[in-house]
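Open the structure in your viewer and follow the stops below. Each one says what to select and what is there.

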Protein chains: 2
Amino acid sequence: MSEYKAIGTPTPVLDGRDKITGQVQYATDIKIPGMLHGRFVTSPYAHAIITSINAEAALALPGVVRVLTAADMPDIPPRARNRLFLARGRVIFAGQPVALVLAETPAAAQDGAEQVWVEYEPQPAVITIAEALAPGAPLVWPGGKPGASGEAGAHGADVGDEDEEESEVSGPNVANGFVMKRGDIAAGFAEADVIVERTFTTSMVHQSYLEPMTHVAVPDAWGNGMTVYASTQAPFHAREQVSDVLGVPETAVRIIPTLPGGAFGGKFFLYESLVALAARAVNRPVTLSLTRSEEMLATNPAPAAEMHVKLGAKRDGTFTALQGDIQVDTGCFPGYHGVAAWLLGSYYQTPHLESRFAEIFTHKVSPAAYRAPGAPQATFALESVVDEMAQQLGMDPIELRLKNASKPGDPLADGKPWPVMGMTEVLQAAQSHPLYQNRAEAQAKGRGVGIAIGGWPGGTEPTAAQAQLHRDGTLHVHIGSVDLTGTPAGFTLIAAETFGVSPDKVRIVYGDTSNMPFAGATGGSKITYMVGPSIIKACEDARQQVLTIAAEEMEADAADMEIVDGRVQVRGVPDKALDLGALAKKTMDFGAKYAPVVGNGRHANNEAAPGFCAQIAEVEVDRDTGEVTVHRLVAIQDVGQVINPLTLEGQMQGGVMQGLGWALYEGMAFDEYGSPLTGSWVDYTVPHFIHAVPDFEMVFVEIPAPHGPFGAKGVGEPPIIATAAAVANAIAAASNGRVTQLPMTAPRVLAALRN
Amino acid sequence: MSEYKAIGTPTPVLDGRDKITGQVQYATDIKIPGMLHGRFVTSPYAHAIITSINAEAALALPGVVRVLTAADMPDIPPRARNRLFLARGRVIFAGQPVALVLAETPAAAQDGAEQVWVEYEPQPAVITIAEALAPGAPLVWPGGKPGASGEAGAHGADVGDEDEEESEVSGPNVANGFVMKRGDIAAGFAEADVIVERTFTTSMVHQSYLEPMTHVAVPDAWGNGMTVYASTQAPFHAREQVSDVLGVPETAVRIIPTLPGGAFGGKFFLYESLVALAARAVNRPVTLSLTRSEEMLATNPAPAAEMHVKLGAKRDGTFTALQGDIQVDTGCFPGYHGVAAWLLGSYYQTPHLESRFAEIFTHKVSPAAYRAPGAPQATFALESVVDEMAQQLGMDPIELRLKNASKPGDPLADGKPWPVMGMTEVLQAAQSHPLYQNRAEAQAKGRGVGIAIGGWPGGTEPTAAQAQLHRDGTLHVHIGSVDLTGTPAGFTLIAAETFGVSPDKVRIVYGDTSNMPFAGATGGSKITYMVGPSIIKACEDARQQVLTIAAEEMEADAADMEIVDGRVQVRGVPDKALDLGALAKKTMDFGAKYAPVVGNGRHANNEAAPGFCAQIAEVEVDRDTGEVTVHRLVAIQDVGQVINPLTLEGQMQGGVMQGLGWALYEGMAFDEYGSPLTGSWVDYTVPHFIHAVPDFEMVFVEIPAPHGPFGAKGVGEPPIIATAAAVANAIAAASNGRVTQLPMTAPRVLAALRN
């Protein structure tokens, strides 16, 4: 039985009913008097010189107010994608915004966008990594590469950016790169009895949030301040970007975060600054809500990758050497996905390691974070190779993994030690799971069972929170993190447990960047991990204040007081108790004697809590068509401590579902000129609930995180990581076909079967 | 020279430009999709039985959605005026809301209200105090008097409600009453050499805020929660009222306070609950924005009073006895203005005291707080009598006052000791003022110079505040008090002084009742006095956090650090400094090492800080018409400590200006049936800037309040108190006419001259 009263209680998402019945005010529901609607004019070319822009016909249309171009934008270096604003003289990806039509209605803006005439001189473009690296290839950045730290750190992915051997990876269209080495890689392979070597490719994948990017910018009447209603995961970071571009102090910008209708890493910041600049240019409120087509053309999906992995092992399964070479197609801006190479070199222990990473510029849309950015790609490659190694060695694939799995304190790829983590325990739980134990039964039915594991370092970012007791006995907990995944439900449990009330007496409240306590971006599997401790501290502080007031009221010692079931009492003497609401009344009334109960919590912590998730897939492969059916999928994840099993399970299901998208369905395609072929959800397949959802099972393993709230660790990213690898390994188990390309579409599976 | 860097700096009202150019979003600017507009159907009778309400014709009009009556309201006891909702079977004042028409547009609502047919059976009504107290008078509350504590405590006016001798004052239409006694009043008058005895009357006066009462209620989609955009001085108190009426927990109601366009005590809460009930009844957003006519008919002005004062003194000026009898015409609900009698018995020390108070029900609109509620009335009476006493004794009127003025520690009317206060110092400053010193010059010109003093106990109510440091070095101070008078400008000075930055690096921010730190109602001259200390504590806390972080960064001792000009440095070593913004960046970034700087301040304090304001008026009286011209008006006030001289002066000017309204212009009139004769600002005269503003001079006296921020005390209420008395005394000095009725209109002055 749990020692906890609230922690671990299954608690539905607090705003679930609001969401499914349309009560939530999303950014697109924000209507400001005088607001103009924006619509992009986008480039049809992947690379071209803009020779002229003629907006006359557009401006002649009723309702069209203004057509903005680069001439209306500040001419500052485009050091990151969100500073590209509108194309200045040259376009570098098909879909790049060239002009922004502002009109009184969305329809007028659309009509206007169709009447802006842009003349281009098409230029040779590099669309693939091979083209980009070819000698004499056209340069994406002939005048100098953009460089700035990106938002990868938000995911705990800010590793490997700096390396003493960076110079090993460079070239004209190379955005960045590094090599991580340990031992003598050639000697390591020389020691190996078996070597497996494969090349893998993954596709560009879109985060496919339901709500398109939407922002509303409202300029201050004077000064240069700006209010932005933004569908963002990172209001404080978006504020930093907008203020910098506007050239005003950061607090002159107020970001009012609206609930994102999905984000998955894609909504840190992108068009907030452009919308703010547009609003300033016309001195009116401006909204920009992308169409699905614009989403597919001009946002920031996950990058495609090409990966070469070579693994050597002794006959007994001991890994001797691991070599990885990951090239990420980063489009026109770096995406900072180096964590891929870092993870590849960190999951398993091997004396000899070489993990090489580079991001290659192409004339395509640039990527950003998507749930565990870089990890699904690297894990697909590595875990496929490990699986094949087990096959070749004739070993149980989990036994092989357990033999080589990293343990806390073991070196990471960068030489630093692994923090506390549960890779081994997760693998052991997978090993004992019936689906794995009884995989022969599936095999007998012509199906295959595959296993893979993936991990994520987790991120850190400071937070603060306040907890205020109100006269109805409700504790309001004010936090600054945007909700993506239902974490507020868990926060009510954390606060209830700490303060001593039932969870329904806790309310999680928000403000905007002007008044809410700071919290880092919602991303990197760190909201529960980082906001939770601030909530605990705020509630402990509030609790102590309550005990002190009650002690004075009851002429007792605060140390002898306790809060039980919404009442504060002398320990063990329930009939000498004061209702929390009545106590609050003594702090919130004319002439009241006591200061209001407001607890303050502040937290920072540099040690992330890595999370591992193993997945077991049972699949069936149609040998005639190559079609893959996933019948069962078990995800086993170290969550540190279960706070709210409902949202935990939901988050894991969502991650696995998206992992199935990576595995089987999703891939943004481009033709040889760089024109997107997948311009909508008609062409681009996201998994449908009706067809694609297997029999799910989510299993929790609890290896407490030393700094996590009640031991909890981030859980958002791990469940997406291993899915594609698990499915690929299950396909191999079912068919002996080894598919090395994502998504594993029927033709590709068929091709693998025929090899 | 001041020891302070920021405190005392003249600082314009922060949102002055927004206000005068229409940028502020007042409650009437709030537009919610689907919102209905309300318009009252009001009673033409002061007392009547409602026999029928026919809404058919109204409902047939286009746009009229619903006509609500008492049948749609909860049938709960009307224990306070804000629970009267819509008349249930009987009306008890002319102007009482009988029905509420809800329509798609304000015009449709107005049309609808004109088509609701209400049938009444008029009943005999009591319109004056005399009628109400006459034997056999019709009862305002035949079924039992409403009783509940009101909001008078908000003004520090919650004195005298309970008294062992309450039974002395009672009767069928008596709402409440008490007597405060000291010594033997008959013996006291027997000891007197001179006795002055007068009867005074004052009129019902409206707060005359520019913005009519306006609220918008938005029901939650489910549950019974409600969001109310409210033009209120007291969001947390309004929340308590609304939730209680709705029967939901207090935190199920969210009050979003909009900036009141004037309030002056009249906007604690009145129609918030009714609008919320209406919104619930139709399950749509509802707004009610009163017309000026409805404002004059159906809000809560200051009450009229009838006062009898008898003062005895020795030949040397020593007061021997003071007897006061104040009867307040409280309309249909008690207004809790007992502080009038308490002040009357507290300003001066006399061994024998009897101060009698009663509120009398009449069939008129009920009063509520208006800036120093009860004080202008009582002070007009007492200070007129004291002035006449000086005349009769042939003494300098300030000398007489100084001889008898209460000092800290002296007994109040209720026997408790006066806290620290500066009545004597204020009188001394008045005495030495040139206008007073040279009053013979005015006299020589046929003018008169009059002096009066008034004081206010001041209120207390707990507060909290948070101070958060942002990456641009700006400190955001989050408070929960509505701004009425520009106090945020002073708060920037308090925060800047405490934290160690310039005031322009401080921003005062707000939220709503869900997320803002509690602060009591804005009323009672207590916002700077009570919120200020929380801001100081929050900024001290934040400062300590900054010093600790900087010390760790610079490897120094936090005790050796200081914040100077927006940088934190080792004490006295400016070249070893860290910019506050850079420091904040170390607390607000991916992987940052330190917790965010968020200081928490909480404050409660039971000892109020009384404030006194003396006023010297120079007037000219037209002996043919009775017209009074106020040429000069000097107000001398103990403010404790000047925080922001600009807002201080503005607040004093506003108070004096309203005092001139009481003195010369304002009075709501009723005919013998209780029908209001002053239904708009055409009939009811508020002072006009062009005609009524004398040559003003505001003088600050600083007697520090022991618990005030930097010694400051509340300044909002004192400046309205003595104006009418000072003008009356100046009229007497100019003309020997003693006017005993407010307002002192030309006919009344003429009558006094002819007596």
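In which order do the four strands of the open sheet in chain B stand? The order is β16-β24-β25-β26, and the pairing is mixed. Strands are DSSP runs of E with at least two residues, and helices are runs of H or I with at least four, numbered from the N terminus. Two strands pair if DSSP finds at least two bridges between them.

This is a predicted model: local features need pLDDT of at least 70, side-chain atom pairs count only at pLDDT 80 or more, and totals for chains, interfaces and linings use all residues. Residues are numbered from 1 along each chain as its sequence is written, while chains are lettered from A and ligands numbered from 1 in the order in which they are written.

Select 448-456 and 695-701 of chain B. These are β16 and β26, the edge strands; each has a single partner strand, so one side of each lacks a neighbour in the sheet.

Next, select 628-638 of chain B. This is β25, which pairs with β26(B) in the parallel sense over seven bridges. Find B:Arg632; opposite stands B:Asp695 in β26(B).

Now move to β5, residues 97-103 of chain B. Seven of its seven residues are buried (20 or more other C-beta atoms within 10 Å of their own, with C-beta atoms placed from the backbone). Add β1, residues 36-42 of chain B: six bridges join β1 to β5(B), antiparallel. Here B:His37 faces B:Ala103. Then add β3, residues 64-68 of chain B, which runs antiparallel to β5(B) with four bridges. B:Leu68 stands opposite B:Leu100.

How values were computed: Buried ≥ 20, exposed ≤ 12 C-beta atoms within 10 Å, placed from the backbone.
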